[in-house]
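This report introduces a protein structure to a reader who has not met it before. The sequence and the structure are shown first, and selected features are then described in turn.

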Amino acid sequence: MTDPAAGSWPADPARGGGAGRTVTLTDLLRVPLHRFRLVAGVAAVGLLAALGYLVLVPSAVTASAVVAVRPVVTDAFTPSGAGADRAVNMNVESGIATGTEVVQRLADAVDGDPRDIRAALEVEVPTGGQILRFLYQAPSPQRAVESANLAAQAYLDVRRTMYEKQRSEMLRSYDESIAKVVAQQSAVQKRVNSARDTAAGDAAVAELAGINSQLTQLNSARTEIAAVDVNPGWVTQTAEKALVSAAGHRPTYLVAGLLGGLLIGIMLAYLWESMDRRIRSVSDGRDATGLPLLGTVRRQRFRGPRRAVDADVRYVAMAIAERVRQPARVSLLTAREDPSGLTAGLAVALAADGREVFVADDSGRVERLRTAVLADRGRLPAVAEPTRSVVPKPRPAGTPVAADAATRRPSPHPPGARPSTDPDATLTLPRVTSAQGGENGRVIGAEDVPVGIGSVRFGSWRQGADHGLVLYNAPPAESDERGVAIARQGTAVVVVERDRTRQSDLRRLVERLRAAGVTPLGFVLTRSGRG
């Protein structure tokens with residue numbers, strides 16, 4: 001009896017995993033979830049960077065002062081109209097408020113660098129109003145309040161100086177015009193006084209009247225200009241320490257650092273995943289191996305130790321038993337991982353149904369396998385326990401006793417109980433047996449571990465040559481070729497450790513099996529946590 005004939009490798013892309021599959025949102029989220037240590041580490045670095053910034057960089061406070069801007073007109077009591085003299089261009093006023101002259105006055109007052117003053121000073125113009133809000137950032141509240149009030153006052157002083165200069169120029173122009181008119185008036189007055197002709201006198205008097213009227217208008221206009229209020233506005237709200245606010249929100253920096261770290265961590269996770277692809281799902285295993293799935297072995301998370309789910313291991317054992325016939329040589333192959341946990345679980349599941357399983361290992365893991373088998377044997381379900389009783393049933397009443405079954409009296413001199421005086425007498429030794437009674441009345445070797453109605457034996461590959469069912473706990477194929485070599489004498493099961501087995505290593509293992517002429521039964525996706 002041999003193993004089933006090896007089938008050809010799947011040529012159908014749908015079966016071999018060659019066809020592309022739809023990438024879902026779950027597939028996109030799987031990468032950062034499995035690389036959560038990297039994402040969490042980078043996010044923590046971003047949070048620490050933001051926290052360090054808040055701790056090392058001195059906190060800035062902001063003080064604000066509000067200035068109401070008023071138009072400078074000749075008649076402040078005339079109702080406002082659509083005239084250009086009553087409109088204020090707030091963009092121009094904002095430019096003046098942050099201009100060089102205001103900044104220089106503020107720098108001279110606080111003895112600071114004009115560049116730092118310009119960077120710390122900000123002027124806001126609310127929409128639809130003639131208001132300027134001066135904002136100043138400084139390390140201390142006192143410095144911020146003082147600088148904000150000085151900036152507002154400096155703007156008012158600069159604007160008042162500009163208006164006063166304009167008024168002085170206009171008054172000087174009126175004075176010059178009045179001086180010329182007064183000179184003309186004096187000249188005409190002399191002509192009137194010296195006129196002897198009536199007609200010439202009347203003409204000079206009429207001219208003098210026109211000059212007097214012009215002089216009156218000029219004096220009236222000059223009086224209005226001189227009475228103009230050149231006050232550009234006033235401070236409606238001064239900066240105070242009670243109104244100082246922190247420049248920015250400190251929690252905002254922490255949230256920004258955390259979110260930035262998460263974003264960078266996710267990008268690094270995708271970059272790392274592109275360079276180091278791992279098997280994440282059954283679809284990834286099919287795509288990388290082109291083999292059928294024998295089963296998935298989950299891991300218990302919430303109850304007890306983190307070990308493989310026994311039911312999953314039994315299902316995998318059923319799938320393997322369906323595909324092999326004794327004598328069978330099954331090699332459990334991995335790329336870089338240790339399949340000892342799955343090997344022990346499969347041995348227990350196969351032996352529980354009455355098979356004599358030989359677990360072979362040549363890498364010094366026999367004691368670990370024995371310990372795992374003993375632990376898994378204690379969790380066998382009740383249906384797999386031996387059902388035959390070792391206590392004989394009572395004989396029914398009236399049943400005759402066979403003659404050879406009659407009870408004999410024991411010999412008074414049992415063999416070996418008394419030494420013989422005959423030097424040629426034969427010495428009778430007690431019989432030595434290498435077998436012991438099992439739980440089910442069967443004979444079990446000293447090295448066997450009874451499991452259910454079967455048993456599990458351990459040893460090297462050579463020691464298991466005469467056994468019907470051998471499970472070979474192969475070493476990692478990336479560092480040892482014995483697993484592939486032994487698989488040529490039987491068959492193989494590829495063990496894939498989810499989130500640990502690299503796709504490149506798995507493809508290389510399958511290519512080596514193909515080159516060696518081995519057709520595996522399939523692959524098992526496991527995350528048992530053992531080994």
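Is aspartate 111 buried or exposed?

## Aspartate 111 and aspartate 499

The model discussed here is a predicted one. In this model, aspartate 111 has a relative accessible area of 73% and is therefore exposed, the cut-off for that class being over 50%. Aspartate 111 belongs to the loop between α5 and α6, the latter spanning residues 114-120. Its backbone deserves attention: the phi of aspartate 111 is positive, near 60 degrees, although the residue is not glycine. Most residues other than glycine have a negative phi.

A positive phi is also found at aspartate 499, where the value is about 70 degrees and the residue is again not a glycine. Aspartate 499 sits in the loop that runs between β14 (491-497) and α15 (503-515). With a relative accessible area of 13%, aspartate 499 is buried, since buried means under 20%.

## Overall composition

The protein contains 15 helices and 15 strands. Of its 531 residues, 37% are buried. Among contacts with a separation of 6 or more, 79% are between residues 24 or more positions apart.

## Helices α5 and α7

Two packed helices are described by the angle between their axes and the distance between the axes. For helix α5 (residues 100-110) and helix α7 (residues 141-194), the angle is about 135 degrees and the axes are 9 Å apart. The two helices are therefore oblique to each other, and their crossing is right-handed.

On the α5 side, the contact is formed by Glu101, Val102, Arg105, Leu106, Ala109 and Val110. On the α7 side, it is formed by Arg143, Ser147, Leu150, Ala151, Ala154, Tyr155, Asp157, Val158 and Thr161. By class, the residues of this contact comprise nine nonpolar, two polar and four charged.

## Helices α12 and α13

A second helix pair is formed by α12, residues 340-351, and α13, residues 366-377. The angle between α12 and α13 is about 50 degrees, and their axes lie 9 Å apart. That angle makes α12 oblique to α13. The crossing of α12 and α13 is right-handed.

From α12, the residues Ser340, Thr343, Ala344, Gly345 and Val348 meet Arg368, Leu369, Ala372, Val373, Asp376 and Arg377 of α13. This contact of α12 with α13 has five nonpolar, three polar and three charged residues. Another residue of α13 is alanine 375, which is partly exposed at a relative accessible area of 40%. Its C-alpha atom is separated by 9.4 Å from that of alanine 344, although the two residues are 31 apart along the chain.

## Loops on either side of α12

Aspartate 338 is placed in the loop between β7 (328-333) and α12. Which side chains does the side chain of aspartate 338 join by polar contacts? One polar contact, of 2.7 Å, joins it to the side chain of serine 340. Another, of 2.6 Å, is made with the side chain of arginine 365.

Arginine 355 lies in the loop between α12 and β8 (356-360). At 26% relative accessibility, arginine 355 counts as partly exposed. Not counting residues up to four places away in sequence, arginine 355 touches Ala321, Gln326, Leu350, Gly454, Ser455 and Leu469. For leucine 350, the side chain of arginine 355 reaches the backbone oxygen at 3.5 Å. In the case of glutamine 326, which is 29 residues away along the chain, the C-alpha atoms of the two residues are separated by 9.9 Å.

## Threonine 289

Threonine 289 is part of helix α10, which covers residues 282-289. Its relative accessibility is 4%, so threonine 289 counts as buried. The side chain of threonine 289 reaches the backbone nitrogen of leucine 291 at 3.2 Å.

Terms used. Residues are numbered from 1 along each chain as its sequence is written. This is a predicted model: local features need pLDDT of at least 70, side-chain atom pairs count only at pLDDT 80 or more; totals for chains, interfaces and linings use all residues. Side-chain values use heavy atoms; hydrogens and water are left out. Axes are lines fitted to C-alpha atoms, for helices over the stretch in contact, and angles run from 0 to 180 degrees between N-to-C directions. Helices (H or I, at least four residues) and strands (E, at least two) are DSSP runs, numbered from the N terminus. Angles under 35 degrees count as roughly parallel, over 145 as roughly antiparallel, 65 to 115 as roughly perpendicular and the rest as oblique. A crossing is left-handed if the near helix is turned anticlockwise from the far one by less than a right angle, and right-handed if clockwise. Contact means heavy atoms within 4.5 Å. Ala, Val, Leu, Ile, Met, Phe, Trp, Tyr, Cys and Pro count as nonpolar, Asp, Glu, Lys and Arg as charged, and the others, Gly among them, as polar. Buried means under 20% relative accessible area, exposed over 50%, partly exposed in between (1.4 Å probe, protein chains only). A polar contact is a pair of N or O atoms within 3.5 Å; within protein, one must be able to donate a hydrogen and the other to accept it, and residues adjacent in sequence count only if both atoms are side-chain atoms.
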